[in-house]
Amino acid sequence: MTAFTTADKLHRLVKHALDSGAAASIAEAEALFAGYRLALRISEDAARDRHHQAALLTAVALARRVFLGGVRVAPLPDAPLLTPLPFGTTLAEAVTVLGGSIAEPEAGTPVIEIGGTTSVRRAAFHVRAIFAGWRGGIVPAPFEAAAVPAPVMALAPMLAAALAVNEAFLYVSGHVGVAGRRTVGLSLWDPASTCDWLGDMGTEPIMSLLPAQLWLIGLGHLGQAYLWALGLLPFARPQDLNLVLQDIDIITPSTESTSILSDATLINVKKTRAMAAWAERRGFSTVVQERLFDASFRRQDDEPAVALCGLDNGVGRQALDQVGFDFVVEAGLGRGHRDFRAVRLHTIPASRPASQIWRDAQADDQVEDRPAYQGLLASGALDRCGVTLLAGKAVGAPFVGATAATLALSEVLRLLHGGTVHELIDLDLKAVEYRCTVSTLQNFSTLNPGYVMTDEWHE
């Protein structure tokens, strides 16, 4: 068994309180997060719809990693599990497996409602997670509007849930004064659009094609969010999706805090083995690669030519256009307490080589002088090396990776459906409306990444 350091064990979002100075010790930071609670609500009709179930389960899986005081779902009608996610046979079983509880919340607990219609506020923070077509987002509970109906693309509920959990955390942490009193959303078909995402986007197609083979590089925060997103897609024959899963690390105690498919039972297990087991329960076909990804790596002709990259280091990213992939989508997430909500997505090939895109490593915030770190040093709990190691770990939140995953996988889906591919998407979840996008100049018209049909022509 591995002997884990404090850096391996610390919750990656609890670390935000240390780095920002909101808490003067690990114990104080953990107590702060233990006081965060969240309530989820879903109506009888919504509980019997697979897309609303997907939004609810995504919200539970993300929120229980953030709101450490507990995530409660009430009411929860008796309903069979209709999503393709492998978490049991009933919706209640899946909620419990994912770490939620079925109970009425304490008074004043922030509320996220899955779907539903305009309602009075049940708490100071009460939003609805809504979606239609390729669009997902949140509106305040009393807001008299709904997304213009359209056949649901399976990632839109995941996007809505991730944005809702982000908004709820903004509220409880006091980082954005208008949290819960604004609309936040976007279209995964046209993320560049400045049009109202609640309106009729006009050009959204019905999703009919899905990828048949993908290579996932890195199986932590982002990689597991990619797998969750793939798990929501309506494959007629799940075994037709062939995945190569590449990583060299094991799951540590801190992995669970950001990675949506990890839990305490998987500590010390290789990420490749744990994620392959989950993917196979979903019905997918897998191959494991437990080898460092760098410029010396080479893809073989019979292996997937399209990759989703979840690496968190510049060296690996610089090699993405050197190893033989035809198309790569990679997402970089912010690391510091100020920018951890930032997402910067690239597709490769691009107008610049990967070595230039990731030429300058992002400097981490210097946080070792914060009271929490100085206290660890003064008490002897950690030596100087231990403090430096802990301070250098990234701040992370699972709702950021989940949002990034919907954007990244949508690049592949748009490629299959003849939509716009983006060389760059840059956004911060504090203010999604100010995102920046750059369409690619590459010609992918002759690229055949491999595809299969959905289980239905429409959702």
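Relative accessible area sorts residues into three classes: buried means under 20%, exposed means over 50%, and partly exposed lies in between. Keep that scale at hand for the exercises below, which all use this predicted model.

**Exercise 1. A serine after the strand β1**

Decide whether Ser-43 is buried, partly exposed or exposed, and describe its surroundings.

Solution. Start with the place: Ser-43 sits in the loop between β1 (38-42) and α4. Next, take its relative accessibility, which is 33%; this falls between the two cut-offs, so Ser-43 counts as partly exposed. Then look at its side chain, where a polar atom lies 3.2 Å from the backbone nitrogen of Ala-46. Finally, check a distant partner: Gly-220 is 177 residues away from Ser-43 in sequence, and their C-alpha atoms are 33 Å apart in space.

**Exercise 2. Cysteines and disulfides**

Find how many disulfides the structure holds, and say how Cys-195 fits in.

Solution. The count is 0 disulfides. Cys-195 is in none, and the nearest cysteine sulfur, that of Cys-436, is 17 Å away. A disulfide needs the two sulfur atoms within 2.5 Å. Now turn to accessibility: Cys-195 has 55% and therefore counts as exposed. Cys-385, at 59%, also counts as exposed.

**Exercise 3. The largest cavity**

Work out what lines the largest cavity and which helix gives the most to its lining.

Solution. Begin with the search of the whole structure, which finds 3 cavities of 30 Å³ or more. The largest has a volume of about 80 Å³. Its lining has 10 residues, and those nearest its centre are Arg-50, His-51, Pro-84, Ala-154 and Leu-232. By class, the lining divides into 6 nonpolar, 2 polar and 2 charged residues. The top contributor is helix α4 (residues 50-63), with 3 residues.

**Exercise 4. Two buried polar side chains**

Find which backbone atoms the side chains of Arg-282 and Ser-257 reach.

Solution. Take Arg-282 in helix α8 (residues 271-282). Its relative accessible area is 7%, so Arg-282 is buried. The side chain of Arg-282 reaches the backbone oxygen of Leu-233 at 2.8 Å. A polar atom of that side chain also lies 3.5 Å from the backbone oxygen of Pro-84, and Pro-84 is one of the residues nearest the centre of the largest cavity.

Now take Ser-257, in the loop between β10 (242-246) and α8. With 4% relative accessibility, Ser-257 counts as buried. Its side chain reaches the backbone nitrogen of Arg-12 at 3.1 Å.

**Exercise 5. Checking a helix length**

Test whether the end-to-end distance of helix α13 (residues 398-416) agrees with its number of residues.

Solution. The helix has 19 residues, and the expected span is 1.5 Å times one less than that number, which gives 27 Å. The end C-alpha atoms are 27 Å apart, so the two values agree. For its surroundings, note that 19 of its 19 residues are buried. After the helix comes Gly-418, with a positive phi near 75 degrees.

**Exercise 6. Backbone angles to look up**

Locate the cis peptide bonds at Pro-75 and Pro-349, and the positive phi of Asn-268.

Solution.
- Ala-74 and Pro-75 are joined by a cis peptide bond, with omega about -5 degrees; Pro-75 lies in the loop between β2 (71-73) and α5 (91-97).
- Ile-348 and Pro-349 are joined by a cis peptide bond, with omega about 10 degrees; Pro-349 is in the loop between β14 (342-348) and α10 (354-357).
- Asn-268 is not a glycine, yet its phi is positive, about 80 degrees; Asn-268 lies in the loop between β10 and α8.

Conventions: Residues are numbered from 1 along each chain as its sequence is written. This is a predicted model: local features need pLDDT of at least 70, side-chain atom pairs count only at pLDDT 80 or more; totals for chains, interfaces and linings use all residues. Side-chain values use heavy atoms; hydrogens and water are left out. Buried means under 20% relative accessible area, exposed over 50%, partly exposed in between (1.4 Å probe, protein chains only). On a 1 Å grid over the protein atoms alone, a cavity is a set of points where a 1.4 Å probe fits but cannot get out, and a pocket is an open set with protein on both sides within 12 Å along at least five of seven lines; lining residues have an atom within 4 Å of a point. Grid points are joined across faces, edges and corners, and a volume is the space filled by probe spheres set on the points. Helices (H or I, at least four residues) and strands (E, at least two) are DSSP runs, numbered from the N terminus. Ala, Val, Leu, Ile, Met, Phe, Trp, Tyr, Cys and Pro count as nonpolar, Asp, Glu, Lys and Arg as charged, and the others, Gly among them, as polar. A polar contact is a pair of N or O atoms within 3.5 Å; within protein, one must be able to donate a hydrogen and the other to accept it, and residues adjacent in sequence count only if both atoms are side-chain atoms.
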